[in-house]
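Reader: Hi! I'm new to looking at protein models, and I'd love a close look at how one pair of helices packs together. Could you walk me through it?

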Amino acid sequence: MLDTITRLTDETVALFDRAVGRMFRRAEVREHEALIRDARAINDKVRVLAKLGTALIEARESGTDLQEAIASAIGWDKLARSVAEAERLARPDRADLPALAARAWPVLHRLGPLFLGSLCFHSVPAAAATLRAVELLRSIYEGGGRKWPSSLPTSFLRPVWREAVLSTDGAERRIWEAATLLALRDRLRAGDIWVEGSRQWRSVEDQLISPALFSALREAGPLPVAAPATAEEYLAERRTLLEGRLSKIAAKAAAGRLDDVQIKGAELKITRLKAATPEEAKALANRLYRMMPNLRITSLLAEVDRWTGFSDAFTHLQSGAPADDRRIMLTAVLADATNLGLTRMAEACSVASYRQLTWTAAWHLREETYRRALAILVNAQHEQPLAVLFGAADVSSSDGQHFPTAGPGEAVGAVNAHYERTASVLFYTHLSARQAPYHTIAIPPAGEAAYVIDGLLYHEADLNIATHHTDGGGVSDHNFALAHLLGFYFAPRIPNLSERRLYTFAPKSTWPVFEPFIGGRVDEKLIAAHWNDVLRLATSVRTGAASASLLLKRLGAYPRQNGLARALREIGRIERTLFMLDWLELPALRRQATVELNKGEARNALARAVCFHRLGRLRDRAVEAQQYRASGLAVVTAAIVLWNTVYLGRARDGLHLGGELIADALLAHLAPVGWQHINLTGDYLWDSDSGLAPDGFRPLRATATNLRPGMAA
């Protein structure tokens, strides 16, 4: 019961957060749409202005009459019409806050009493003024909105909102109400105001390990972080390393000895990598996949379960026993993975009714059982001899995959215009270099950077990841800092790298080549002042006292004056600068990041094929149900990757027995994410062991296609 109350409290605050954000995001959408709608008219006015300006300048230089120049260039009537239309098209330099508040007020006025009346708030001293305003608004709501104070407090508002409240005649109450709820949302995000009885929306101080426990851990031995005990040690080591790397790379750049990198003045250009997959490798992959036996997805899961027993991980909530009928258990997993749901899956399968599937899912499918099953599959795939050729065991990548959701629900307001202007969810998945998905989470469609560290720490597979790659969505200075403190080498593919600034310990003039790209000096005093807090934060994340995503989201939302957030950003600037220098110097690093992210894209294609029902549009409105969809999809794709790895290895062995030796360099280009040989749709029938040879495996299909010349070792 207590856990349910806590979860509902968290979801209530999250709903408020998204709803308020959506109200103000609509204004941005309207402005964008108006700009697109008026683009042609604006362009016409710019052309008229250019023509008019040219005529006036020429008339002034030649000494001719200016009025006549205007009349001959565009005509006075056309000029009058253009001026009138330009006045209509002109928009204020900043948002019209009174109008914005007026549009948002009807929804906020209905939401505010429900939200404030059901929760109890507390604050740090810096947010006391905001909390007093919230309590005042609560008392106004409780009085039915009939009693308002003679003057409304505004000291807690941002200057632009304060000005809007004070300069409005007659509508200041509505503007103040909207501004107060917006300020509450911002303070909740930052952790300056927290909710009693919440797990996610507690104060940051409460989410970290206690100072007493941190001191005890420090005295007992080295902390479980990859950072020195003192800021002086850290800064001295990073200063020596950074200045040495800057001098070395600057010398190489000045001599033109950086491979595929050109630095000329303020221009940085990195030549795009060329495709490195030889045609022979593509032909080999096609041939090996043509040798793979055809089968249903149900047969594939049953065979993988015989190898690994991963279905035993789905234990009963009370007894801890595995499911009595593995087929029903795996059918329920398939219902999540394919997006069919239990109702349609009951109609498409022959082994279970809807009632049986519902009972099995309720008692056996949980997030922890999904994680255990996924770990079993990942460990088994990594042990395959062929998988060793796919990539290093300590390298991984992560990426988000977009799935639209059906209408509002718990995810209301979860909109990212990069994908669509409809509600959606991201399945954020971590993938090993050997192409096994080892962690996945369903998250809102924005802010994926906060979840990068979670996947590296909170999986159950036997992986020791050292290097991790992401695309631009995973990049943040806080991630660079925390990854380093926890012992990971964070190596994202940063978009628009030339626009990212470097940070140094010495004046920028020390390295003339990099001077245009240096944004400033590292604030060593800030890092030293908050070093203990930084270590306490990293220790809390490492020990699981608080998740990295929760703390990073809070720190990212903190006001500028928060010392811990700024100190972590300064550390991130140091680590990002070191990484950017590695990126400029090492073509192998750039290629590895591209290769690993391409593996993620290939795995996403497989996931899209598996999650086929309703074209991947999720009907589940509950966050928990969406997480089950993501987990089921990860388990099924991991099973496919394992099965493909095993049978690709058997196909290679078959060619070896026939006298054809294949170079490992070609096998390294194989991707065990093909699905053309797997029937993912239709009726979900569970055959016995039909189709298996005496050795327990399915016979390969014969192929008459020989390897091209040069493919043999």
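**Where two helices meet**

Author: Happy to! On one side of the contact, helix α24 offers Arg603, Leu606, Ala607 and Val610, and these meet Leu633, Ala634, Val636, Thr637, Ile640 and Val641 of helix α25. Sorted by type, the residues of this contact are eight nonpolar, one polar and one charged. Please keep in mind that this is a predicted model.

To find the pair on your screen, look for α24 at residues 587–610 and α25 at residues 623–657. Two packed helices are described by the angle between their axes and the distance between the axes. Here the axes come within 10 Å and cross at roughly 115°. The crossing of α24 and α25 is right-handed.

Now look again at the spacing of the contact residues. An α-helix has 3.6 residues a turn, so residues three or four places apart point the same way. With that in mind, try tracing Arg603, Leu606, Ala607 and Val610 along α24, then Leu633, Ala634, Val636, Thr637, Ile640 and Val641 along α25.

How far should you trust the picture? Across the chain, pLDDT averages 88, and 92% of the residues score at least 70. Two stretches call for care: pLDDT stays under 50 over residues 409–413, where the model has 17 contacts beyond four places in sequence. It also stays under 50 over residues 704–713, with 21 such contacts.

Notes
Residues are numbered from 1 along each chain as its sequence is written. This is a predicted model: local features need pLDDT of at least 70, side-chain atom pairs count only at pLDDT 80 or more; totals for chains, interfaces and linings use all residues. Side-chain values use heavy atoms; hydrogens and water are left out. Axes are lines fitted to C-alpha atoms, for helices over the stretch in contact, and angles run from 0 to 180 degrees between N-to-C directions. Helices (H or I, at least four residues) and strands (E, at least two) are DSSP runs, numbered from the N terminus. A crossing is left-handed if the near helix is turned anticlockwise from the far one by less than a right angle, and right-handed if clockwise. Contact means heavy atoms within 4.5 Å. Ala, Val, Leu, Ile, Met, Phe, Trp, Tyr, Cys and Pro count as nonpolar, Asp, Glu, Lys and Arg as charged, and the others, Gly among them, as polar. pLDDT is the predictor's confidence in each residue, from 0 to 100.
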